[in-house]
Amino acid sequence: MKAVQYRTVGSAPEVVEVPVPEPGPGQVLLKVTAAGLCHSDLAVMSWPQEQFPYPLPMTLGHEGVGTVAALGSGATGVTEGDEVAVYGPWGCGLCRACAEGRENSCPHAAGLGIMPPGLGSPGALAEYMVVDSPRHLVPLNGLDPAQAAPLTDAGLTPYHAIRASLPKLVPGSTAVVVGVGGLGHIAVQLLRALTPARVVALDVGKEKLELARAVGAHETLLSDGEAADRVRELTDGIGADVVLDFVGAEATLAVAAASVAVAGDVTVVGIGGGTLPVGFGGGLPFDVSVCAPYWGSRRELIEVLELARQGLVSSHVETFSIEDTPLAYERLHAGEVGGRAVVLPHA
C-alpha cells in the first residue's frame with residue numbers, strides 16, 4: 001500500500017510502498033478514506049535530530065477517518081464496513097482520566113510508550129492504518145469523510161479550548177480568534193454555535209480574514225502592531241474576555257496579552273514557539289488565566305461530530321491525492337491552503 005512517511009530528520013516527507021498492516025489482538029484495521037494535514041506535522045518535521053522523540057520512519061497523519069476493514073482477535077464494538085473517525089490522543093485506558101474519556105490527559109501514556117497515530121505510531125496518511133482499540137473509534141453516522149477528518153483535531157482541539165471558557169462567554173462578551181487557519185476557522189464557527197459572544201478574528205492574510213467573515217466572525221482585523229488597540233476600541237477599552245491564539249508565536253502572544261481583559265482567558269493552542277510571561281506584574285492584566293490545551297476528550301469528539309451533523313460546524317477543505325501529499329505540505333508551509341488540506345488515499 002501507499003503511505004506518506006517522514007523517513008529522515010530534516011528531509012521532506014515521501015510517498016512509499018509498505019505492507020498492509022495486520023491488526024493484532026484487540027486492534028482494528030481501517031481502510032483510510034480521508035486524512036487531514038496539520039501545521040503540527042510541519043513543526044515535528046522541523047525538529048533537530050537531538051530533539052526528535054519518535055522512531056523513524058514514521059507514517060504521518062493524526063487526523064483520520066475510515067471504514068473498518070478487519071478486526072483483530074478479541075476486538076468488539078465495531079463491525080467490518082463501519083465508517084468511523086479516529087480519536088487521536090491515545091492513553092493507557094486504565095487511569096482515572098482515561099476512564100472519564102479524557103485520554104488527552106492520561107498521565108501514563110508517555111511512560112508506557114503509547115503515542116498518537118502520526119505522532120509516534122503509524123498514522124492515517126496511508127491506504128490502511130491500525131487503530132489500537134475500538135474505544136478510539138467514533139461513528140461517522142453519515143458525515144462526509146473529507147469533512148469529518150479535520151474535526152478529529154482541527155475541530156476537537158478548539159472545541160475543548162472553548163468549552164473551558166464558556167462561563168466567560170456570556171451575552172455582551174468578546175472572543176478573539178488569532179489565526180484563521182485549519183483550527184481557527186472552525187473555532188469561529190464553534191464560538192458562534194456555542195456562545196452569544198461577539199467574535200473577532202485576527203490574521204495576517206486577507207484571504208483568511210475573508211474566510212473568517214464567511215464562517216461567521218462579527219469583526220475581522222489584520223493581526224499587526226495595532227491589532228490590540230483595535231480590539232480595545234471595539235470593547236470600549238475593556239479588552240476581550242477570551243483570546244484564543246491558534247498561532248502561538250511571540251508576535252501573536254504579544255497581541256493576546258495586550259488584548260485580553262482583566263480576569264479574562266488567554267488560551268495558547270498554536271505551537272509557534274512563543275512564550276508568554278505569567279506572574280504578578282508580568283505584563284498581563286490582573287486575574288488573567290493562561291492555559292495551553294492538548295486535543296480533547298472522546299466525549300468532546302462525539303459532540304463535535306454531532307455539531308457537524310446538525311450543520312453548525314463544517315470544515316473548509318482542499319483535497320489532495322496521496323501522491324500529492326508532499327506538495328500539499330509545501331503549500332501548507334507556504335500558507336497557501338485556506339482551511340484544511342485533506343488527503344483522500346483511495347481517490
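This tour moves through a predicted model, from its salt bridges to a pocket and then to a patch on the surface.

Begin with the charged side chains, for which a search of the whole structure finds 16 salt bridges. Select Lys2 and Glu17, whose closest N and O atoms are 3.7 Å apart in a salt bridge. Because Lys2 lies in strand β1 (residues 2–6) and Glu17 in strand β2 (residues 14–17), the pair ties together parts that are 15 residues apart in sequence. Lys2 counts as partly exposed at 27% relative accessibility, whereas Glu17 is exposed, with a relative accessible area of 58%.

Next, select Glu63 and Arg340, which meet through their side chains in a salt bridge of 2.6 Å, N to O. This pair links distant parts of the chain, with Glu63 in strand β5 (residues 63–71) and Arg340 in strand β16 (residues 340–344), 277 residues apart. Both Glu63 and Arg340 are buried.

Then display Arg163, Arg299, Glu300 and Glu303 together, since these residues are linked in a network of salt bridges.

For the second largest pocket, which holds about 190 Å³ of space, select the lining residues, among them Lys206, Glu207, Leu211, His316 and Val337. The lining of this pocket divides into two nonpolar, four polar and four charged residues.

Finish at the surface by selecting Val262, Phe280 and Phe286, which make a nonpolar patch of about 420 Å². Within this selection, Phe280 is found in the loop between β13 (260–268) and β14 (289–291), and Phe280 counts as exposed because its relative accessibility is 78%, where the cut-off for exposed is over 50%.

Note on methods:
Residues are numbered from 1 along each chain as its sequence is written. This is a predicted model: local features need pLDDT of at least 70, side-chain atom pairs count only at pLDDT 80 or more; totals for chains, interfaces and linings use all residues. Side-chain values use heavy atoms; hydrogens and water are left out. Patches are made of residues with over 30% relative accessible area and no salt bridge: like charges are joined within 9 Å, nonpolar side chains (Val, Leu, Ile, Met, Phe, Trp, Tyr) within 5 Å. Accessible areas come from the Shrake-Rupley method with a 1.4 Å probe; for residues, only the protein chains shown count as cover. A salt bridge is a side-chain nitrogen of Lys or Arg within 4 Å of a carboxyl oxygen of Asp or Glu. Helices (H or I, at least four residues) and strands (E, at least two) are DSSP runs, numbered from the N terminus. Buried means under 20% relative accessible area, exposed over 50%, partly exposed in between (1.4 Å probe, protein chains only). On a 1 Å grid over the protein atoms alone, a cavity is a set of points where a 1.4 Å probe fits but cannot get out, and a pocket is an open set with protein on both sides within 12 Å along at least five of seven lines; lining residues have an atom within 4 Å of a point. Grid points are joined across faces, edges and corners, and a volume is the space filled by probe spheres set on the points. Ala, Val, Leu, Ile, Met, Phe, Trp, Tyr, Cys and Pro count as nonpolar, Asp, Glu, Lys and Arg as charged, and the others, Gly among them, as polar.
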